[in-house]
Amino acid sequence: MSLNKAPKNYVFYRNQNWHYPRIVRGEGIYLYGEDEKKYIDGCSGSAVANIGHGNKEVAEFAKGHIERIAFTHLSRWTVDSIEKCAERIANWCPERLNHVYFVSGGSEATETAIKMARQYFVERDGHKTSKWKVISKWNSYHGATIGSLSMTGSIGRRKIYDPLLANFPKINQFYHYRNPWRAETLKETSILAAKELEKEILRHGPENIAGFISEPVIGSAAPGVHPEKIYFQMVREICDKYDVLFIMDEVMAGTGRTGKKMASEHFEAKPDILVIAKGLSSGYTPIGAAVCTDEIFNTIMIEGSGNFIHGHTYAGNPLSCGIADKVMEIIERENFIENCAIQGDYLLRKLENLYNYPIVGDIRGKGLMIGIEFVKDQETKEPFEVSENVKGKITNNGLDEGLVLYPGGGSVDGVRGDHILLAPPINITKEEIDLLYEKLENTIKKTTDEVLGQRAY
């Protein structure tokens, strides 16, 4: 039965069991409630507000662009801001990724990628091609539309919609803390996880596999989890061997979030299609994109039919493209990506102290995309039961401290497993990191006292 805590108005809120405090403004890394309570946005909404809130340069640019041109449809027109944004994105992406298909968000971007992969093989091999399946992984999240949810390996998000989903194969994630092989090192976990891809391709038959999709650093399904470089080297070799397209999902990890322009850089990964959204516009407008290689583009658009059978009304919206380009320009000019790497390393070092609290099981991440997993027992890694609502306690205690966290669960077995994502704006300062850490430690101390008792440490 619903708790009916949501405000009573005309909005269909996402969760009727949450009370939804009203935010009236944002400035930098802070959000302000209607009672003027000040919150550090420790997760940038959902790893979105990369340059923080209330940026006046973006606001002034948006006003000018709206007065000049707000909307055209990409099926008939082009606008300078669309072209400029695409060029900048291509320059930020790994080598060979030169063609940008704009959409409105992350789910649309990953769905675009699988449709692009399917049409590539149809255009190349003819309509009788059997290549359509996309291999993904458990403990992954690729979006909420039917196609993107079919790739998602988060059981809680899938369960109710299972009858509607495509039967896409899943393999184990490079989730070292809970790896099923009992591997002792991250490198060993990375190698064994990559080998699973080849086994799954052979199990289904390479003639039936169109693509493989992976996040470089895991977002909401297992925050901060990442492999060693060898994983994506092996993935590239396996995909080439079996004629499978490699799709990198950088919806959350891309556009500066991990201390690189794209998280793929950490691993020297070479995808055929890369998808981005979230921080691409820092939340100032909805936008996402799928970026593909010359080979894919040429096969469909030059040597093939010349018509990608896909589209959305707001795909290539000139205002959204202009704002995203402005955000990326600011990130470049102000060296925010370098700042992200520096502050991320600093925060990760400080977070090591949290292992003194017995509910902290694992801390991992890249740049300012950091996950903390909570356990009942550090030695056995036993998770809390769902009924103990640890992620809810962490969330509420954080808000009491004036810190917004991104909670999640289900990483252990699809049901149990509590974690948070730390992803503050990438322009955060060292002094602000210190304040964030202080509030986070107070939050974890209070939660530890609640669930284990004050004598537990």
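This dialogue treats the domains, one sheet and one pair of helices in a predicted model.

Colleague: Into which domains is the protein chain divided?

Modeller: The domain assignment gives domain 1 as 23-54 + 335-454 and domain 2 as 58-334. The C-alpha centres of domain 1 and domain 2 are 26 Å apart. In the contact between them, 41 residues of domain 1 meet 41 residues of domain 2.

Colleague: How should one read a sheet, and what is the order of the strands in the open sheet of 4 strands?

Modeller: In general, the strands of a sheet pair through backbone hydrogen bonds, in either a parallel or an antiparallel manner. Here the order is S1-S2-S3-S13, and the pairing is mixed. Strand S1 (23-27) and strand S13 (403-404) stand at the edges with a single partner strand each, so one side of each has no neighbour in the sheet.

Colleague: How many bridges join strand S3 to S13?

Modeller: Strand S3 (residues 38-41) and S13 run parallel and are joined by 2 bridges. Asp41 stands opposite Val404 in S13.

Colleague: At roughly what angle do the axes of helix H7 and helix H8 cross?

Modeller: The axes of helix H7 (residues 186-204) and helix H8 (residues 229-241) cross at roughly 15 degrees and come within 8 Å. Angles under 35 degrees count as roughly parallel, and H7 and H8 are therefore roughly parallel to each other. Their crossing is right-handed.

Colleague: Which residues in H7 meet residues in H8?

Modeller: Among them are Ile191, Leu197 and Ile201 in H7, while those in H8 include Ile230, Met234 and Val235. The residues of this contact divide into 11 nonpolar, 1 polar and 4 charged.

Note on methods. Residues are numbered from 1 along each chain as its sequence is written. This is a predicted model: local features need pLDDT of at least 70, side-chain atom pairs count only at pLDDT 80 or more; totals for chains, interfaces and linings use all residues. Side-chain values use heavy atoms; hydrogens and water are left out. Axes are lines fitted to C-alpha atoms, for helices over the stretch in contact, and angles run from 0 to 180 degrees between N-to-C directions. Angles under 35 degrees count as roughly parallel, over 145 as roughly antiparallel, 65 to 115 as roughly perpendicular and the rest as oblique. A crossing is left-handed if the near helix is turned anticlockwise from the far one by less than a right angle, and right-handed if clockwise. Contact means heavy atoms within 4.5 Å. Ala, Val, Leu, Ile, Met, Phe, Trp, Tyr, Cys and Pro count as nonpolar, Asp, Glu, Lys and Arg as charged, and the others, Gly among them, as polar. Two strands pair if DSSP finds at least two bridges between them. Domain bounds come from an automatic or database domain assignment.
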